[in-house]
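Me: I would be grateful for a close look at a single part of this protein. Please choose one strand and describe its surroundings in a connected account.

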Amino acid sequence: MLQVLYEDDDLVVINKPSGLQVLPGGLFQQRTVLTQLQWKVWKQVTYSSSSRAIKEPHPVPVHRLGRGTSGILLCAKTKLAKTTLATYFAEGTSLVGDNRIVEGEVGQVQKISKLYRALVTGILEQNEMLVEKPIGVMNYPGVAKGLYVASSTGKPALSKIQVLYRDNCKDQTLVQVQIHSGRPHQIRIHLAFIGHPLVGDSLYQIGGQPCLHEAKIIDDSFAEDGGYRKPERPVPGDCGYHLHAHRLVLRHPSTNKVDQTIIITRLNNMRRHFIA
């Protein structure tokens, strides 16, 4: 079941568990966040001129989290909120494309900001760094529309990385990542690009490119029921990596006032002993 972290007349913020896909696609058509939003009964109702209660349309996600990513997911309950929040995300990405992002506090430049916590392989030497590698698409088996990868000919992308904890014994680092653009799989790609892929990520390797090794042999009986056959190489929907949407800061879509900024933080149990 979906845990609600915040709700009002315009939006609802939920805590998405790892393993649950946001929208239908590929192997997952029913077990998705969207389907669960359709099933849940929401408080808000409107009334027609005849005073008959009419149920509002179910909330819809306004951004995506990877299937293996846990944490904060923002959903709109009205058309106005959906349009406004989509504009917020688009404005943030356009700022990156125009090189207008400047250093500052979270939420100072963008009307919506997302912060993640990620567990990566290796020890990052710098406490803070910016990754500005563009992200493009390449042909890849099992991914119909192509796989997003680090590419010099791709679209602009910007991630700000801050070290939270270094575990020298396990050769791992816990980092916070703020993304100033919303390219698909951006955090996984950028961290792999700088030489520190997410712990447990079977797809992206150092350099932000896919692992091209052959996967284990798959039992042919998998698709005997007529369903999809599991891809033989790692794909973006594979879970196991350590990435959590930790904090969301946004201006309310109805008022757009700075003094009505919503701040939501959600911890998970990802190496909880690392987290202060």
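Reply: The account below moves from the whole chain to one strand, then to its partners, and finally to a cavity beside some of the residues concerned.

The model is predicted. Its protein chain contains three helices and 16 strands. Of the 276 residues in the chain, 45% count as buried. The accessible surface amounts to about 14700 Å², and carbon and sulfur atoms account for 51% of that area. When contacts between residues at least 6 apart in sequence are considered, 62% of them join residues at least 24 apart.

Against this background, the strand chosen here is β6, which spans residues 70-76. Strand β6 is mostly covered, in that seven of its seven residues are buried, each having under 20% relative accessible area. For the chain as a whole, the buried share is 45%.

The pairing of β6 may be taken partner by partner. Strand β2, residues 11-16, runs antiparallel to β6 and is joined to it by six bridges. Within this pairing, V13 has L74 of β6 as its bridge partner. Strand β5, residues 60-61, also pairs with β6 in the antiparallel sense, here over two bridges. In that case A76 of β6 stands opposite V60. The pairing with strand β15, residues 243-251, is parallel and likewise rests on two bridges. There, G71 stands opposite A245 of β15. As a general point, side chains in a regular strand alternate between the two faces of the sheet.

A search for enclosed space adds a further detail. Rolling a probe the size of a water molecule over the atoms shows where empty space is left. Over the whole structure, the search finds two cavities of 30 Å³ or more. The second largest has a volume of about 40 Å³. Its lining consists of H63, I72, K114, L115, Y116, A245, R247 and L248. One of these residues, I72, falls within the range 70-76 of β6. Another, A245, is the β15 residue that stands opposite G71. Strands β7 (112-121) and β15 each supply at least two residues of this lining. By class, the lining comprises five nonpolar residues, one polar residue and two charged residues. The charged residues are K114 and R247, because Lys and Arg are counted in that class.

In summary, β6 is a strand with seven of seven residues buried. Strand β2 pairs with it in the antiparallel sense, as does β5, whereas β15 runs parallel to it. Residue I72 is among those lining the second largest cavity.

Conventions:
Residues are numbered from 1 along each chain as its sequence is written. This is a predicted model: local features need pLDDT of at least 70, side-chain atom pairs count only at pLDDT 80 or more; totals for chains, interfaces and linings use all residues. Side-chain values use heavy atoms; hydrogens and water are left out. Buried means under 20% relative accessible area, exposed over 50%, partly exposed in between (1.4 Å probe, protein chains only). Helices (H or I, at least four residues) and strands (E, at least two) are DSSP runs, numbered from the N terminus. Two strands pair if DSSP finds at least two bridges between them. Contact means heavy atoms within 4.5 Å. Accessible areas come from the Shrake-Rupley method with a 1.4 Å probe; for residues, only the protein chains shown count as cover. On a 1 Å grid over the protein atoms alone, a cavity is a set of points where a 1.4 Å probe fits but cannot get out, and a pocket is an open set with protein on both sides within 12 Å along at least five of seven lines; lining residues have an atom within 4 Å of a point. Grid points are joined across faces, edges and corners, and a volume is the space filled by probe spheres set on the points.
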